[in-house]
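Please open the structure in your viewer and keep the sequence beside it, since this tour moves from the whole chain to a few chosen side chains.

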Amino acid sequence: MLRLLSIILTAVVCIGSCSNKPEVKQPIQADMQTEKTGNPYYSRTDTTHLNVSDAEWKKVLPADVYYISREKGTEYAFSGKYNDFDGLGTYYCAACGNALFKSDSKFASSCGWPSFYEALRSNSVRYESDKTHGMIRTEVLCGRCDGHLGHIFDDGPPPTYKRFCMNSLVLDFEPEK
Ligand code: FE
């Protein structure tokens with residue numbers, strides 16, 4: 001009798017579980033970069049403007065990214081990993097994950113830094129006048145974290161004739177899926 005009950009119970013449990021729809025695991029909107037770097041401000045989906053102190057950035061950014069992004073540094077010409085690079089995909093701010101450029105706006109420039117003729121969105125970047133080093137230039141900053149990215153010049157190709165001259169160190173490239 002006990003054995004019969006056990007068989008019936010097993011059958012009921014099996015039928016119950018077999019009739020359930022298989023559990024579909026939804027992809028998690030994970031910020032892989034955050035996991036990789038431990039940078040809590042990095043997001044490729046959150047476009048909220050950030051107000052983070054340099055002291056805080058210094059805790060979460062690699063030293064070379066901090067140097068460019070927060071101290072307005074410049075990598076050596078022809079030294080950047082995206083200078084001579086033509087992969088298809090999207091470039092994000094290495095400090096905060098903001099989407100900055102599509103690869104189809106990148107062009108071969110002889111200047112020694114990765115160059116683009118337009119930003120991904122009009123508010124991807126913002127601009128400031130830069131009168132340092134005896135020059136008058138227009139600085140390009142990340143529209144989300146205000147980090148320094150590079151400068152923009154008027155000698156680019158059509159259709160914009162602009163050249164966004166960027167530092168590879170503050171760009172994160174994500175290839176097209
Ligand atoms: Fe940024």
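Helices (H or I, at least four residues) and strands (E, at least two) are DSSP runs, numbered from the N terminus. This is a predicted model, in which local features need pLDDT of at least 70 and side-chain atom pairs count only at pLDDT 80 or more, while totals for chains, interfaces and linings use all residues. Residues are numbered from 1 along each chain as its sequence is written, and side-chain values use heavy atoms, with hydrogens and water left out.

Begin with a cartoon of the whole protein, which has four helices and nine strands, following the pattern α-α-α-α-β-β-β-β-β-β-β-β-β along the sequence. Of its 177 residues, 40% count as buried (under 20% relative accessible area, with a 1.4 Å probe and protein chains only).

Next, select Tyr82 and Tyr91, which are both buried. Their ring centres lie 5.4 Å apart with the planes at 85°, so the pair is edge-to-face (rings of Phe, Tyr and Trp, the last by its six-membered ring, pair if their centres lie within 6.5 Å; planes under 30 degrees apart count as stacked, over 60 as edge-to-face and the rest as tilted).

Now add Phe173, whose ring forms a tilted pair with Tyr91, 4.9 Å centre to centre and with 50° between the planes. Because Tyr91 lies in strand β1 (residues 89–93) and Phe173 in strand β9 (residues 171–175), this pair ties together parts that are 82 residues apart in sequence.

Finally, widen the selection to the cluster that ring pairs build from Tyr82, Phe85, Tyr91, Phe101, Phe116, Tyr127, Phe164 and Phe173.

Note on methods:
Buried means under 20% relative accessible area, exposed over 50%, partly exposed in between (1.4 Å probe, protein chains only).
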